[in-house]
Amino acid sequence: MMIARACACIAVCAMYAASLAARDAAEWRDVLTPQKKKQEYRHVIALGIDHPLGGGSNSLSPLVAYYWFGENFSNPDLYAQLTFTTTQIYAIAGIKTDRIFAGVMPLVQHSTYGAWKSYNRGYDDERRSVGGNNVGAGGFFQYNILRILSVKASFHSSYHLYRLFLLTPNEHKYVNMPKRHWQIKPAAQIVLSDVEERELGRVKHGYMARVEYQYARRVGYGTWYDYDRLIFREKYNDIWAPPAGNTMGIWYRSRAKNTNRLYFNAAAYYAFSGDYNLLFDFYGGYFTGVDRNNAEHIGYFQQDHAIMPGYFDTEFYHHFYLISRVQLGIPIPFWGMRIQPGFNLLYMPKKNEVIGQGRGAITSWWLVRGYPRRFYTSVSCSFSLLLGNLLPLFIDYAYGIDAIRARSSHNVYLQRLTRGSHELQVLVVAAFGKNE
């Protein structure tokens, strides 16, 4: 009897060990085996605004986006996408399998590219702001080594022009801006990501790390002389005063043709029971061969890479930045409501290698190539719900604690400044056409 019981116990243990081994093997296969991810809906529309509120030049930004994802072809490996946003239009035609995602991508970008804004303590120097436009095409090839690991290579060639009727005429500027040029841009990227998302992407669990390198070669760029006035200038009744010419200032010469960009970011998310969510994000960028016309745009919720809530769009241009962000997601049991407070920290070195950021000699810190602080902080809070338990509404608020603001150039000159800046973003999203 004892022997029989021992044998039964051994059999049960063996079965349990086998089940554990099978589960571990299944989990290991899940990590190793790439899986094609389909977009849940064919059509996605987003409409909203982003508006800063404070003591400086507060420019409202409309937010418009439409996405069409084509993944229901007779050949399941075919893929198509059309995207239209406030500042760009692009399409993708390619193939998408478990292992490979590759395609060609024509792209048009307009209005906010180039030396888009020139903020000095929150005052927007419109005569120094240069909008850019480019049209081009490229291709990409992504290989999924594992489900959580992928590499990607891409190439993009584009034609840049800085005067475009209605969009960016760039009239009455006092910079000797370039007229037009070509740019070729190869890039490589590696991503390690094991992130599970639910609740419309608002609840996340897992980790990710990404490194991307871009090389850009500007062809026919010539020499750009960025210009910065030494005295203030205001516009009264459509007349500039003082009526001085364009010689009272500092010129910055740029012949930068070869640009290197390195982006890196990491994240760690933990979803507790009840959908309480702790989120940590880290972003960084390092660049060489940049002037104000092709420097990274830093600030505000909708930035491509350097997201620093509570500050203006392109408030900062720098050759190196680090941003960390910590948020806590809290569910509210009504219409899928969530609130997500956060804290944001931006670091930039004192010395700035972006050509054109010397910033004159009106005050002492303009004499150095940098910003008055190394660290900038902000607090943020995201609020979201499903209107009528159906339509997603996102409201994001941020307060830039260290933002310095002036409403006019003479207030900059006289040091009549305030501190702090609010940013409010409201976005409504709709999706329809379920992908089978």
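**Exercise 1. Place Ser-111 and describe its backbone.**

Step 1. Ser-111 sits in strand S5, residues 100-113. Strands (E, at least two residues) and helices (H or I, at least four) are DSSP runs, numbered from the N terminus. This is a predicted model, in which local features need pLDDT of at least 70, side-chain atom pairs count only at pLDDT 80 or more, and totals for chains, interfaces and linings use all residues. Residues are numbered from 1 along each chain as its sequence is written, and side-chain values use heavy atoms, with hydrogens and water left out.

Step 2. Ser-111 is not a glycine, yet its phi is positive, about 75 degrees.

Step 3. Is Ser-111 buried or exposed? Its relative accessibility is 11%, so Ser-111 counts as buried. Buried means under 20% relative accessible area, exposed means over 50%, and partly exposed lies in between (1.4 Å probe, protein chains only).

**Exercise 2. Do the same for Gln-415.**

Step 1. Find the loop between helix H2 (409-413) and S24; Gln-415 lies there.

Step 2. Read phi. For Gln-415 it is near 60 degrees, a positive value in a residue other than glycine.

Step 3. Gln-415 counts as partly exposed because its relative accessibility is 41%.

**Exercise 3. Find the partners of strand S24.**

Step 1. Start with strand S1 (residues 41-54). S1 pairs with strand S24 (residues 418-434) in the antiparallel sense, over 13 bridges. Two strands pair if DSSP finds at least two bridges between them.

Step 2. Which residue of S24 stands opposite Tyr-41? Lys-434 does.

Step 3. Turn to strand S23 (residues 391-405). S23 and S24 run antiparallel and are joined by 10 bridges. Here Ile-404 stands opposite Arg-419 in S24.

Step 4. Look for a side-chain link between these strands. Asp-402 and Arg-419 form a salt bridge, with their closest N and O atoms 2.5 Å apart. Asp-402 lies in strand S23 and Arg-419 in strand S24, 17 residues apart, and the pair links distant parts of the chain. A salt bridge is a side-chain nitrogen of Lys or Arg within 4 Å of a carboxyl oxygen of Asp or Glu.

Step 5. Asp-402 has a relative accessible area of 3%, so Asp-402 is buried.

**Exercise 4. Trace more salt bridges.**

Step 1. How many salt bridges does the structure hold? It holds 15.

Step 2. Take one of them. The side chains of Arg-128 and Asp-226 meet at 3.4 Å, N to O. Arg-128 is in the loop between strand S7 (123-124) and strand S8 (132-144), and Asp-226 is in strand S12 (residues 224-229), so the pair ties together parts 98 residues apart in sequence.

Step 3. Check burial. Arg-128 and Asp-226 are both buried.

Step 4. Extend the picture. A network of salt bridges links Arg-128, Asp-226 and Arg-292.

Step 5. Take another pair. Asp-275 forms a salt bridge with Arg-198, and their closest N and O atoms are 2.9 Å apart. Asp-275 lies in the loop between S16 and strand S17 (277-288), while Arg-198 lies in strand S10 (residues 180-198), so this pair ties together parts that are 77 residues apart in sequence. Arg-198 is partly exposed, with a relative accessible area of 31%.

**Exercise 5. Map two surface patches.**

Step 1. Find the positive patch. Arg-217, Arg-253, Arg-255 and Lys-257 gather there on the surface. Patches are made of residues with over 30% relative accessible area and no salt bridge; like charges are joined within 9 Å, and nonpolar side chains (Val, Leu, Ile, Met, Phe, Trp, Tyr) within 5 Å. Lys and Arg count as positive, Asp and Glu as negative; His and the chain ends are not counted. A charge is placed at NZ of Lys, CZ of Arg, CG of Asp or CD of Glu.

Step 2. Place Lys-257. Its loop runs between strand S15 (249-254) and strand S16 (258-271). Lys-257 counts as partly exposed, at 32% relative accessibility.

Step 3. Find the nonpolar patch. Its residues, including Ile-45, Leu-82, Phe-84 and Phe-432, have about 690 Å² of accessible area together. Accessible areas come from the Shrake-Rupley method with a 1.4 Å probe; for residues, only the protein chains shown count as cover.

Step 4. Which strands each supply at least two residues of the nonpolar patch? S1 and strand S3 (78-85) do.
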